[in-house]
Amino acid sequence: MSEPLAQENLLGAYLKDRRSKLDPAVFGFPPERRRTPGLRREEVAQRANISATWYTWLEQGRGGAPSADVLDRIARALMLTDVEREHLFLLGLGRTPEVRYQKSEGVTPRLQRVLDALEPRPAVLRTATWDIVAWNRASTVMLTDYGSLPPRERNVLRFMFLDPRVRAAQHDWASVARFVVGAFRVDAARAGAAAEVQPFVDELCRLSPEFAALWRDNDVRTHGEGVKQLRHPILGPVKFEYSAFAVDGRPDLSMIVYNPIDPEVTEKIRGLIEAAPEVP
């Protein structure tokens, strides 16, 4: 009878499975006859720059819990994906690894179709550093014409502090600006992007004394859901309920959906979309 699942060596079984799926020739190891497929234990240890004995103990469930550094080396040695690396840390340490920031790699056509299907409700995809990387036509007519701007300029903080039109559209700019800075600080830290955003923060501090003052306050907020009020140049005052969603498999992205509180506004947005020129 097998041992209870909690007592099984799940970490060892996972390591053995991962190394069995690797081709030794790819890593320059002799293509000699092997009793089992994949890399040998000592070859994984060599690639990870750790003791072969220590690695063997890990697979056998001996020697105690490994350090995060050892798991990170093994993850690189086994060429693990981000998801596989996270699973390795959960098995070995009972927690996820520290976040490694990765810049957005763009948006798939499938995600764009999701945004388009949400019309006439404005919806955007935003990175952890608050760059807008995808949007639907409802966002263009109600929020900002992102397509008319260079990619570098499609950043929510740039809009909020450097664009007079966006500032004028806010119902309570001071409150919104404080919220945006606090939520941006949290998102950048969660994504492990604090170092990457520092030049951008320094630039905004130079260009906007108001941003510099808010940044020094070290206020933090979360951007989950709430109510956003805008002054639209055609529709006048508009209220939205907004919700932020994580995109599974894309830790660099969040989807923000704005749902008009007044049903009549929804139809008016539809009319603006139909009247707007088609984007080639």
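The largest nonpolar core has 43 residues, and Leu157, Phe161, Val180, Phe184, Phe211 and Ile269 touch the most other members. Helix 10 (residues 173–190) gives the most to this core, with nine residues. Apart from this core lies another, of 21 residues. The model is predicted. An open sheet of five strands also features, with antiparallel pairing.

**Nonpolar cores**

- Phe161 is one of the residues that touch the most other members of the largest core.
- Beyond its neighbours within four places in sequence, Phe161 is in contact with Trp173, Ala177 and Val181.
- The list for Phe161 also holds Ser208, Glu210, Phe211 and Leu214.
- The separate core of 21 residues includes Tyr14, Leu22, Ala48 and Leu58.

**The sheet**

- The strand order is 2-1-5-4-3.
- Strand 2 and strand 3 (225–232) are the edge strands, and each pairs on one side only.
- From one strand to the next, the twist averages 30°.
- Helix 6 (residues 109–117) lies across strand 1, strand 2, strand 4 (236–247) and strand 5. Helix 6 runs at about 60° to strand 2.
- Helix 13 (residues 263–275) also packs on the sheet, where it touches strand 3, strand 4 and strand 5. The direction of helix 13 makes about 110° with that of strand 5.

**Strand 1 and its partners**

- Strand 1 (residues 123–127) is largely enclosed by the rest of the structure, because five of its five residues are buried.
- Ala123, Leu125 and Thr127 point one way from strand 1. Val124 and Arg126 point the other way. Both sets are buried.
- Strand 1 pairs with strand 5 (residues 250–260) in the antiparallel sense, over five bridges.
- Two of the residue partners in strand 5 can be named: Ile256 is the bridge partner of Val124, and Leu253 is the bridge partner of Thr127.
- Strand 1 also runs antiparallel to strand 2 (residues 132–135), and three bridges join them.
- On that side, Leu125 has Ala134 in strand 2 as its bridge partner.
- The hairpin of strand 1 and strand 2 has four residues between the strands. In this hairpin, Trp130 takes a positive phi near 65°.

**Helix 1 against helix 3**

- Two packed helices are described by the angle between their axes and the distance between the axes.
- Helix 1 (residues 10–20) packs with helix 3 (residues 52–60) at an angle of about 115°. Their axes are 6 Å apart.
- Helix 1 brings Leu11, Gly12, Leu15, Lys16 and Arg19 to the contact. These meet Tyr55, Leu58 and Glu59 in helix 3.
- By class, the contact has four nonpolar, one polar and three charged residues.
- Leu58 of this contact is also among the members of the 21-residue core.

**Arg18**

- Arg18 lies in helix 1.
- Arg18 has 18% relative accessibility, so this residue counts as buried. The cut-off for buried is under 20%.
- The side chains of Arg18 and Asp17 are joined by a polar contact of 2.7 Å.
- Leaving out residues up to four places away in sequence, Arg18 touches Leu78, Leu80 and Glu84.

Terms used: Residues numbered from 1 in each chain as written. Predicted model: local features only at pLDDT ≥ 70, side-chain atom pairs only at ≥ 80, totals over all residues. Heavy atoms only, no water. Buried < 20%, exposed > 50% of the residue type's maximum accessible area, 1.4 Å probe, protein only. Pairing = 2+ DSSP bridges. Axes fitted to C-alpha atoms, helices over the stretch in contact; angles between N-to-C directions. Contact = heavy atoms within 4.5 Å. Nonpolar A, V, L, I, M, F, W, Y, C, P; charged D, E, K, R; others polar. Core = buried A, V, L, I, M, F, W, Y, C linked by side-chain atoms within 4.5 Å. Polar contact = N/O pair within 3.5 Å; in protein donor to acceptor, adjacent residues only side chain to side chain.
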